[in-house]
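Subject: Structure handover

Hi,

Here is the structure I promised to send over. Have a look at it first, and then read on for my notes.

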Amino acid sequence: QLQDALVRLHATFTVTSGNQFARVSIAAEKDSLLTVLKLVFDVLRHPRFPPDGVPRIRAAHVAAIEAGRRDLATMMAQAARDHVNAARGARRGEPGYIPSVDEQLAEYRDTTLDDVRQVYERYWSANRADVAVVGAIPEGVAEVVEQGLGDWKKPEAPAYEPFEPHYADLGDARFDVQADDKSSASLRMWHGLALNQADADYPPLLLAVHILGGGGLESRLNTRVRRGLGLSYGAGARLNADLRGNDGGVAIEASFAPQNRDKVMAAIDAELQAFARDGPTQAELARAKHDMLERLQQARASDAELAGTLDMFAALDRDWAWLAQREAALEHVTLAQLAEAWRRRMKGQRFMVTIGGDFKAAGLGTPPEPAPTR
């Protein structure tokens with residue numbers, strides 16, 4: 001019935017969840033938005049919780065987790081999880097803890113319909129709700145939102161306290177995963193950084209990582225490892241940094257034929273050394289700035305992206321001036337600033353390396369120790 005109503009109203013409605021949030025996404029036409037909002041608020045405030053709901057959803061999740069046991073990315077993450085949990089001091093039940101596959105399965109299998117109802121009754125409300133509307137907005141939206149959410153409060157619910165992940169040194173550990181019958185292999189290197197997006201080092205590091213491995217086929221890693229030596233199917237890098245906390249880092253990833261493992265590792269190390277020693281060129285920096293700023297501008301052409309930005313502003317007490325300052329900081333990064341930030345943040349450090357593939361079939365033993373980043 002709900003789906004039929006949305007079709008008639010030319011609208012869509014989804015509820016998703018993630019780390020520390022639930023998101024309600026609505027797309028509707030100007031003439032139908034108010035009706036759709038009232039319908040959605042009714043669903044949020046008066047859910048049916050049909051008896052078959054939890055078993056059906058639980059079965060789908062369990063099946064997906066079981067099917068992913070032999071997924072190479074899952075196997076690699078599981079190989080490193082004990083080390084990462086120990087380095088972070090994270091215990092089961094805490095937000096930063098990485099569960100095992102069996103623990104994930106147990107959590108789903110142990111969850112009942114009563115558990116879901118209890119969580120809903122205790123937490124689900126508009127105690128902490130931000131609403132952003134972008135597009136052709138009809139008269140009366142604010143009034144409908146106030147009618148639907150204004151009195152939906154649960155004063156007895158625990159107050160929301162944001163979890164802020166903090167940097168932990170994962171060291172230079174290496175984890176090898178033998179994955180039988182896999183035609184391709186994967187490499188993941190992680191160098192942790194105490195970094196937040198508000199830090200002065202964030203803009204130069206963002207551009208540095210884009211040049212190193214985020215610029216598609218033109219990136220340094222792809223140019224050397226894939227295009228130059230023909231060793232990999234793809235190689236790239238990304239910078240991780242949150243708006244809360246400082247658990248950041250540089251991740252380098254590559255996929256390749258198992259027999260090319262040692263050559264790929266050597267090529268990546270050679271490029272890291274060259275990048276630290278010589279830095280990028282002025283042309284590379286200019287292209288990186290253009291790519292990053294164009295990406296940000298394109299995102300603002302999407303109503304959904306704009307709504308997400310407005311929600312982020314509300315949650316973190318930010319505004320468009322703050323965003324403009326971030327973009328200006330990117331635009332004004334110099335080669336000297338980029339090189340200095342990279343060398344200072346990466347000097348003397350080594351990567352935690354996780355590598356997986358069918359190396360026995362390729363006639364390879366244990367891979368060599370990764371060389372330090374200079």
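A word on the ground rules. This is a predicted model, so to speak of a local feature I needed pLDDT of at least 70, and side-chain atom pairs count only at pLDDT 80 or more, while totals for chains, interfaces and linings use all residues. Residues are numbered from 1 along each chain as its sequence is written, and side-chain values use heavy atoms, with hydrogens and water left out.

**Salt bridges**

Searching the whole structure turned up 24 salt bridges (a side-chain nitrogen of Lys or Arg within 4 Å of a carboxyl oxygen of Asp or Glu). For burial I use relative accessible area: under 20% is buried, over 50% is exposed, and partly exposed is in between, with a 1.4 Å probe and protein chains only. Helices (H or I, at least four residues) and strands (E, at least two) are DSSP runs, numbered from the N terminus.

One pair is Arg91 and Glu94, whose closest N and O atoms are 3.3 Å apart. Arg91 is exposed at 59%, whereas Glu94 is partly exposed at 32%. Another is Arg227 with Glu218, at 3.8 Å between the closest N and O atoms. Here Arg227 is partly exposed at 49%, and Glu218 is partly exposed at 45%.

Then there is Glu271 with Arg224, with 2.6 Å between the closest N and O atoms. Glu271 sits in helix H10 (residues 261-278) and Arg224 in helix H9 (residues 220-228), so this pair ties together parts that are 47 residues apart in sequence. Glu271 is buried, at 5%, while Arg224 is partly exposed, at 29%. Elsewhere, Glu66, Arg69, Asp102 and Arg109 are joined into one network by salt bridges that share partners.

Helix H9 is also the place of Asn222, which is buried with a relative accessible area of 7%. Asn222 touches Gly216, Leu217, Arg227, Gly228, Gly234 and Ala235, not counting residues up to four places away in sequence (contact means heavy atoms within 4.5 Å).

**Nonpolar cores**

In soluble globular proteins, nonpolar side chains tend to be buried together. For a nonpolar core I take a set of buried Ala, Val, Leu, Ile, Met, Phe, Trp, Tyr and Cys residues joined through side-chain atoms within 4.5 Å. The largest one has 45 residues, and Leu187, Leu239, Ile252, Ile268 and Trp342 touch the most other members. Helix H8 gives the most to this core, with 8 residues. Leaving aside neighbours within four places in sequence, Ile252 is in contact with residues including Leu187, Met189, Leu212, Ile268 and Phe351. There is also a second, separate core of 16 residues, with Ala11, Phe41, Tyr120 and Val144 among them.

**Cavities and pockets**

The set-up is a 1 Å grid over the protein atoms alone: a cavity is a set of points where a 1.4 Å probe fits but cannot get out, a pocket is an open set with protein on both sides within 12 Å along at least five of seven lines, and lining residues have an atom within 4 Å of a point. Grid points are joined across faces, edges and corners, and a volume is the space filled by probe spheres set on the points. For classes, Ala, Val, Leu, Ile, Met, Phe, Trp, Tyr, Cys and Pro count as nonpolar, Asp, Glu, Lys and Arg as charged, and the others, Gly among them, as polar.

The whole structure has 3 cavities of 30 Å³ or more, and the largest holds about 80 Å³. Its lining includes His210, Glu218, Arg220, Arg287 and Asp291. Helix H8 (202-214) and helix H11 (282-299) each supply at least two lining residues, and the largest share, 4 residues, comes from H11. By class, that lining has 2 nonpolar, 3 polar and 5 charged residues.

The second largest pocket has a volume of about 920 Å³. Of the 33 residues that line this pocket, Gln197, Tyr202, Leu206, Leu296 and Arg326 lie nearest its centre. H8, strand E5 (232-240), H11, helix H12 (303-316) and helix H13 (320-331) each give two or more residues to the lining, with the largest share, 7 residues, coming from H13. The classes here are 18 nonpolar, 7 polar and 8 charged residues.

Cheers
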